Amino acid sequence: MGNVFVLDHPLIQHKLTFIRDKNTGTKEFRELVDEVAMLMAFEITRDLPVKEVEIDTPVTSTSTKVLAGKKIGLVPILRAGLGMVDGVRKLIPAAKVGHVGLYRDPETLKPVEYYIKLPSDISERELIVIDPMLATGGSANDAIHSLKKRGAQHIRLMCLVAAPEGVEVIKKEHPDVDIYLAAMDEKLNEEGYIVPGLGDAGDRLFGTK
């Protein structure tokens, strides 16, 4: 059963406060999102398997650890997910990056897939789907379905903030997917925005309206 992890590290919570603040400008917003993504990646990868290897230090030979097992794949949901990728890659530079492009139909509010490009070996990778906002859960749900349809076996979802409604959708539709959040917010409003939230993450990252 997929679990929900709220990463309450003090540095994550401190930086998230300024991400939420409406007075934070685009440059600072982008830098903070990048930093929080890196801190979250540190927590998300805590349980990656390791194996023993023999190396020579300048002093002696020793047995020490390196990562073992599954390779990592990062799959940002376009476009806001792009703002978190570099932060994760600072910790996992060898990770391959795929992209899923979705938009919400303004009338039906259903996600529509318009672009997908993935590593050829996604079935062998530990995938981290990245989107700053988990609001209705529609986009993340559709992205995860797209990945599973193409052979993905191991998927985690990483978001800055979530509404309980979106979390419940993912738990119901994808009980095998663990969800990692910097904060679980209160609710969705009538327009589908997370409350208190941080506004539109894409617009704030890229300076659009």
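Is Gly98 buried or exposed? The views below start with that residue and then move around this predicted model.

**View 1. Gly98 sits in the loop between β5 and β6.** Gly98 is buried, because its relative accessible area is 0%, and the cut-off for buried is under 20%. Setting aside residues within four places in sequence, the contacts of Gly98 are Leu74, Val75, Pro76, Lys117, Leu118 and Pro119. For a sense of scale, try finding Lys187 too: Gly98 and Lys187 are 89 residues apart along the chain, and their C-alpha atoms are separated by 30 Å.

**View 2. Thr24 lies in the loop between α1 (10–20) and α2 (26–44).** Here is another loop residue to look at. Thr24 counts as buried because its relative accessibility is 9%, and buried means under 20%. A polar atom of the Thr24 side chain lies 2.6 Å from the backbone oxygen of Phe18. Apart from neighbours within four places in sequence, Thr24 is in contact with Phe18, Phe29, Leu32 and Arg204.

**View 3. The largest nonpolar core contains 37 residues.** In soluble globular proteins, nonpolar side chains tend to be buried together. Which residues of this core touch the most other members? They are Ile19, Met40, Met158 and Leu160. Two or more residues each come from α1, α2, β4 (71–78), α3 (82–91), β8 (125–130), β10 (154–162), β11 (178–184) and α6 (201–206). The largest share, 8 residues, is given by α2. Zoom in on Leu160: beyond its neighbours within four places in sequence, this residue is in contact with Ile19, Val33, Val36, Met40, Met84, Asp131, Pro132, Leu181, Ala182, Ala183 and Leu198. There is also a second, separate core of 22 residues, with Val75, Val100, Leu134 and Ala140 among them.

**View 4. Helix α3 has several buried residues.** In α3, look for Gly83, Met84, Val85, Gly87 and Val88, which are buried. What covers the buried residues of α3? The cover includes α2, β4, β5 (96–97), β8, β10 and α6.

**View 5. The largest pocket has a volume of about 680 Å³.** Rolling a probe the size of a water molecule over the atoms shows where empty space is left. How many residues line the largest pocket? There are 28, and those nearest its centre are Arg104, Asp131, Met133, Ser139 and Asp200. The elements that each give two or more residues to the lining are β4, β6 (99–104), β9 (133–134), α4 (138–149) and α6. By type, the lining residues divide into 15 nonpolar, 8 polar and 5 charged.

**View 6. Glu126 belongs to strand β8.** Is Glu126 buried or exposed? With a relative accessible area of 13%, Glu126 is buried, because the cut-off is under 20%. The side chains of Glu126 and Arg156 make a polar contact at 2.9 Å. Not counting neighbours within four places in sequence, Glu126 is in contact with Lys70, Lys71, Ile72, Gly73, His154 and Arg156.

**View 7. Ser120 and Ala152 are two more loop residues to compare.** Ser120 is placed in the loop between β7 (111–117) and β8, while Ala152 lies in the loop between α4 and β10. Ser120 is exposed because its relative accessible area is 78%, and exposed means over 50%. Ala152, in contrast, counts as buried at 9% relative accessibility. Leaving out residues up to four places away in sequence, Ala152 touches Ile122, Ser123, Leu127 and Leu147. From Ser120 to Lys51, 69 residues apart along the chain, the C-alpha atoms are separated by 25 Å. Ala152 and Gly87, 65 residues apart in sequence, are 23 Å apart in space, C-alpha to C-alpha.

**View 8. Two peptide bonds shown here are cis.** Most residues other than glycine have a negative phi, and most peptide bonds are trans. The bond from Leu78 to Arg79 is cis, with omega near 0°, and Arg79 is found in the loop between β4 and α3. A cis peptide bond also joins Val195 and Pro196, with omega about 0°. Pro196 is in the loop between β13 (194–195) and α6.

Methods
Residues are numbered from 1 along each chain as its sequence is written. This is a predicted model: local features need pLDDT of at least 70, side-chain atom pairs count only at pLDDT 80 or more; totals for chains, interfaces and linings use all residues. Side-chain values use heavy atoms; hydrogens and water are left out. Helices (H or I, at least four residues) and strands (E, at least two) are DSSP runs, numbered from the N terminus. Buried means under 20% relative accessible area, exposed over 50%, partly exposed in between (1.4 Å probe, protein chains only). A polar contact is a pair of N or O atoms within 3.5 Å; within protein, one must be able to donate a hydrogen and the other to accept it, and residues adjacent in sequence count only if both atoms are side-chain atoms. Contact means heavy atoms within 4.5 Å. A nonpolar core is a set of buried Ala, Val, Leu, Ile, Met, Phe, Trp, Tyr and Cys residues joined through side-chain atoms within 4.5 Å. On a 1 Å grid over the protein atoms alone, a cavity is a set of points where a 1.4 Å probe fits but cannot get out, and a pocket is an open set with protein on both sides within 12 Å along at least five of seven lines; lining residues have an atom within 4 Å of a point. Grid points are joined across faces, edges and corners, and a volume is the space filled by probe spheres set on the points. Ala, Val, Leu, Ile, Met, Phe, Trp, Tyr, Cys and Pro count as nonpolar, Asp, Glu, Lys and Arg as charged, and the others, Gly among them, as polar.
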